[in-house]
Amino acid sequence: MVEYSLSPTGETFKLPEAEDYQKELIRLQELVKEQRALGREIVVVMGLGFVGAVMAGVIADTVDQGGRPTKFVIGMQRPSPRSFWKIPWLNRGLSPVSSEDPEVVPMIHRCVNEKKTFTATYTYEALKFADVVVVDIQCDYIKEALGNVREGRADMEALEESIEIMAEHVPPEALILIETTVAPGTTEQIAYPIIKKAFRRRGIQSDPLLAHSFERVMPGRNYVASIREFWRVCSGVNPEATRRVVKFLSEIINTERYPLTVLDRPIESETAKIVENSFRATILAFLDEWSLFAERNGVDLIKVINAIKVRPTHNNIIFPGPGIGGYCLPKDGALGYWAYRHIHGWEDDIFKITPLAIDINDTRALHVAQLTRDALRNMGRPIAAAEILLLGASYREDVGDTRYSGSELIVRRLTEMGAEMRVHDPYVLKWWEFEKQDEYPASSQSLKRFFRGQEKLKELRVEKDLGEALSGVDAVIFAVRHKHYLNLDPDEVVRQAGGPIAVIDCFGILDDKRIRRYFELGCEVKGLGRGHVKRIKDQVRMNRIKEGENGG
Ligand SMILES: NC(=O)c1ccc[n+]([C@@H]2O[C@H](COP(=O)([O-])OP(=O)(O)OC[C@H]3O[C@@H](n4cnc5c(N)ncnc54)[C@H](O)[C@@H]3O)[C@@H](O)[C@H]2O)c1
């Protein structure tokens, strides 16, 4: 059976068949010969996702002091129906990730079409040519319950399999740099023995050159800079691996301005990543209870946070929005929780805050459905069959990444409650979490399993025209701080909707002037952490009464 991979623009690409692999190997062999003659190092980047595609571009863009390219990158990606399209896209010089950063698209175009330092492939044979392998494949954490991360496990099989394949192909002197966020202990206690044993089978006596250095990339406006112009932590399994990883990172990253932190052991680099993201998840989770406090006691948490932020010791306090999504924060702490028992063999349970923070963050979005229900009820409209428009599908502003976004949960819960959902997002072409919910993010891993009545969501499409999306809705949910939503004029929104609507602000998007105007237009407004809206509503009502008394 011929299999296809569908790109976000709807183009189909036939998956490679057995006879294609030989031709592809010959293509790579010729390219590598040419590139070696030019004195370039061959770097294979495994996994061309949100991290790997851009990291591969940054490496391919590297030049020496004379401005000459020093690396040739072979981006290697599994030819799965979900991801194969990225290979032909990249080979045309197109970016498989969409972002606000104006550097991403020209960088990939430049490296593929002008400098000719970047190609993409589907064959693991590429690993045979590597001087350096950079591993950017995913390591998931599978949750078995909504809001209980303890009932779950790290999905190690895919990673172990990839390491096995690498070990069978790479030259013994190649540096293998794991950038994947892994359960602490993985590099030394899982990857190292796998590679060592495979090397022995291949008759190689030398120690594998294995290192860990986690990514801090931030998809968004500073996507490329968050790799090239940012601090890195790294560590190798032996002194030579450490020397090689330091050399490699110093060549591709601006380490003069952003010096490397070299730790003694890879488990320390792995733990640094997990603690860094658990810290972030925790400071977000802790505000959930204060968000509810604010809503119930007339407090605007946005203003409270801004007041606290001016204090330099507290300037990283952040409002949590409708849930904490993205690929990393919902899972990274769990990888540490899991490693404690399943890699290191401890039986006791030392973790209280880290799993709790993830559980709070994973369920925060459900409260948005309650606010929407209550706002509609105040307008005398039942939630069942209400038409609701969600503004923003991605997990953070100005990116097209929908993974584990709070918006997904909002849609799922409101659908369960009977609402008809529409969604608008200027950055998201396809919301695969719905359109392909039987197989995305993996078969039987969709969050749909925690809700009822989800089948119709396969038909949910991302609207591109905001005016059309607004037409005839009962409620609008401002879910993401995309720049397109920050200055929307209430009069225009209500005009396009065709009358007063319920407005839910999940992210401090509306200022008081706009909130007041929505009330004046007959709308109902509610917001996460925004208890002061009731005060504005009362003022508007009082003004109306006064105007009435004055015969206005
Ligand atoms: N996305 C972020 O913002 C971010 C930030 C920092 C760190 N990280 C970490 O970086 C890692 C990668 O994340 P991502 O967001 O790029 O994930 P992703 O799912 O977008 O990309 C992973 C890619 O690897 C490919 N892949 C899987 N198995 C493979 C194999 N055996 N051979 C070749 N390719 C394979 C997948 O098809 C996919 O394209 C994760 O550990 C993540 O936690 C991500």
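**Why the labels fit**

Biologist: Why does R373 count as partly exposed?

Modeller: R373 has 27% relative accessibility. Buried means under 20% relative accessible area, exposed means over 50%, and partly exposed is whatever falls in between (1.4 Å probe, protein chains only). So R373 counts as partly exposed. D374, at 22%, is partly exposed too. Keep in mind that this is a predicted model, where local features need pLDDT of at least 70, side-chain atom pairs count only at pLDDT 80 or more, and totals for chains, interfaces and linings use all residues. Residues are numbered from 1 along each chain as its sequence is written, and side-chain values use heavy atoms, with hydrogens and water left out.

Biologist: What makes R373 and D374 a salt bridge?

Modeller: The closest N and O atoms of R373 and D374 are 2.9 Å apart. The rule asks for a side-chain nitrogen of Lys or Arg within 4 Å of a carboxyl oxygen of Asp or Glu, so the pair qualifies. Elsewhere, salt bridges with shared partners join D61, E103, R110, K115 and R228 into one network. The structure holds 52 salt bridges.

Biologist: How do you know that K483 forms a salt bridge with E100?

Modeller: Here the closest N and O atoms are 2.8 Å apart, so the 4 Å limit is met. The pair also ties together parts that are 383 residues apart in sequence, because K483 lies in helix 17 (residues 483-486) and E100 in the loop between helix 3 (86-91) and helix 4 (104-114). Helices here are DSSP runs (H or I, at least four residues), as are strands (E, at least two), numbered from the N terminus. As for cover, K483 is partly exposed at 41%, and E100 is partly exposed at 23%.

Biologist: And what makes R201 and E164 a salt bridge?

Modeller: Their closest N and O atoms are 3.2 Å apart, so the pair passes the 4 Å test. R201 sits in helix 6 (residues 186-201) and E164 in helix 5 (residues 157-169), so parts 37 residues apart in sequence are tied together. With 57% relative accessible area, R201 is exposed, whereas E164 is partly exposed at 29%.

Biologist: Why is the pair of Y337 and F351 called edge-to-face?

Modeller: Rings of Phe, Tyr and Trp (its six-membered ring) pair if their centres lie within 6.5 Å; planes under 30 degrees apart are stacked, over 60 edge-to-face, the rest tilted. By this rule there are 11 aromatic pairs. The centres of Y337 and F351 are 6.1 Å apart and the planes at 70°, so this pair is edge-to-face. Y337 is in helix 11 (residues 332-342) and F351 in the loop between helix 11 and helix 12 (353-363), so the link spans 14 residues in sequence. Y337 is buried at 18%, while F351 is partly exposed at 23%.

Biologist: What makes Y340 and F351 an edge-to-face pair?

Modeller: They are 5.9 Å centre to centre with 90° between the planes, so both cut-offs are satisfied. Y340 is in helix 11, 11 residues from F351, and Y340 is buried at 15%. Ring pairs link Y337, Y340, W346 and F351 into a cluster.

Biologist: What makes F286, W290 and F293 a nonpolar patch?

Modeller: A patch takes residues with over 30% relative accessible area and no salt bridge, with nonpolar side chains (Val, Leu, Ile, Met, Phe, Trp, Tyr) joined within 5 Å and like charges within 9 Å. F286, placed in helix 9 (residues 266-296), has 41%, so the area condition holds for F286. Together the residues have about 310 Å² of accessible area, from the Shrake-Rupley method with a 1.4 Å probe, counting only the protein chains shown as cover.

Biologist: And which residues have the most contacts inside the largest nonpolar core?

Modeller: Those are I388, L390, L414, W431, I477, F478 and Y518, in a core of 68 residues. Helix 13 (residues 366-378) gives the most to this core, with 6 residues. A core is a set of buried Ala, Val, Leu, Ile, Met, Phe, Trp, Tyr and Cys residues joined through side-chain atoms within 4.5 Å. Apart from this core lies another, of 52 residues, including V44, A174, V182 and L209.
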